[in-house]
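Trainee: Hi! Could you walk me through this one? I'm new to reading models.

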Amino acid sequence: MSHTRTPVVEGWFTGEGNDFRLLGTRCSTCAAVFFPREDTFCRNPGCAGGELTEIPLSPRGRVWSYTDSRYRPPSPYVTDPELSWKPYALIAVELESERLVVLGQAAPGITVADLAVGMEVEVVPGVLHEDAETTWTTWHWRPTAVTARAAKDGGW
Ligand SMILES: [Zn+2]
């Protein structure tokens, strides 16, 4: 049976492969950028409010902080409590132009031993979880040095 690919959270990311991007919103009045997206009111206290427009965010940023996640993450992450929990590296990334810090899992195979504060990473499509019918998709962060190494070695 083929799996339906469904975003874990609707409207937070779009595209495939190199076109994969996180989606935020930007205020037309003060140009503040929000992620998670803010669709109702501009949250800048110094702003009278403006129109919030969806924008793709920088695909790259730098590691601001990271940790080993040894517990099940809270909602909106979807996990199956029947399955054993696999620890993964969780990275906080400061986006290149927006200067927003966005949390996400490291791409498969990347551990905290591969990471350092200030390291450049890029957003890549990822799979959070699979059940009988659905592949739940999310975003992952991958160090750009890993991408360069993979390209040199002839791909993945
Ligand atoms: Zn505003």
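Mentor: Happy to; we can go from the overall layout to the metal site, the core and some single residues. Before that, this is a predicted model, where local features need pLDDT of at least 70 and side-chain atom pairs count only at pLDDT 80 or more, while totals for chains, interfaces and linings use all residues. Residues are numbered from 1 along each chain as its sequence is written, and side-chain values use heavy atoms, with hydrogens and water left out.

Trainee: Cool. How many helices and strands does the protein chain have?

Mentor: The protein chain has 1 helix and 10 strands. Helices (H or I, at least four residues) and strands (E, at least two) are DSSP runs, numbered from the N terminus. In order, the elements read β-β-β-β-β-β-β-β-β-β-α.

Trainee: And what share of the residues is buried?

Mentor: Of the 156 residues in the protein chain, 38% count as buried. Buried means under 20% relative accessible area, exposed over 50%, and partly exposed in between, with a 1.4 Å probe and protein chains only.

Trainee: What about the accessible surface of the protein chain? How much is there?

Mentor: About 9,200 Å², and 52% of that belongs to carbon and sulfur atoms. Areas like this come from the Shrake-Rupley method with a 1.4 Å probe; for residues, only the protein chains shown count as cover.

Trainee: Switching topic: what coordinates the zinc ion?

Mentor: Four cysteine sulfurs do: the SG atoms of Cys27, Cys30, Cys42 and Cys47, at 2.3 Å. Donors are N, O and S atoms within 2.8 Å of the metal (3.2 Å for Na, K and Ca), and water is not among the atoms, so sites may look incomplete. Along the chain, the donors follow the spacing C-x2-C-x11-C-x4-C. Cys27 in strand β3 (residues 21–27) and Cys47 in the loop between β4 (33–34) and β5 (52–56) are 20 residues apart, and this pair links distant parts of the chain.

Trainee: Which geometry does the zinc site have?

Mentor: Tetrahedral, with angles of 103 to 114° among the 4 donor atoms. Four donors count as tetrahedral if all angles lie between 85 and 135 degrees; four count as square planar and six as octahedral if opposite donors are over 155 degrees apart and all others between 65 and 115; anything else is irregular.

Trainee: Is Cys27 buried or exposed?

Mentor: Cys27 counts as buried because its relative accessibility is 3%. Cys47 is buried as well, with a relative accessible area of 15%.

Trainee: OK, now the largest nonpolar core. Which residues touch the most other members?

Mentor: Of its 28 residues, those are Leu22, Phe35, Leu57, Ile91, Val102, Trp139 and Trp141. A nonpolar core is a set of buried Ala, Val, Leu, Ile, Met, Phe, Trp, Tyr and Cys residues joined through side-chain atoms within 4.5 Å. Strands β7, β8, β9 (120–130) and β10 each supply at least two residues of this core. Another core, of 6 residues, lies apart from it and has Ala32, Cys42, Cys47 and Leu52 among its members.

Trainee: What does Phe35 touch?

Mentor: Not counting residues up to four places away in sequence, Phe35 touches Trp12, Leu22, Leu23, Gly24, Leu57, Leu100, Val102 and Trp139. Contact means heavy atoms within 4.5 Å. Phe35 is also joined to Pro36 by a cis peptide bond, with omega about 0°.

Trainee: Back to strands: how do β7 and β8 run?

Mentor: Strand β7 (residues 88–95) and strand β8 (residues 101–106) run antiparallel, joined by 5 bridges. Two strands pair if DSSP finds at least two bridges between them. Glu94 stands opposite Val101 in β8. The two strands form a hairpin with 5 residues between them, and Arg99 in the turn has a positive phi of about 60°.

Trainee: Is Arg99 buried or exposed?

Mentor: Exposed, because its relative accessible area is 56%. Ala31, in the loop between β3 and β4, has a positive phi too, near 65°. Ala31 counts as partly exposed because its relative accessibility is 46%.

Trainee: Last one: what is Ala106 in contact with?

Mentor: Leaving aside neighbours within four places in sequence, Ala106 is in contact with Ala89, Ile91, His140 and Trp141. Trp141 is also the bridge partner of Ala106 in β10. Strand β8 runs parallel to β10 (residues 134–143), with 2 bridges joining them. Ala106 is buried, with a relative accessible area of 6%.
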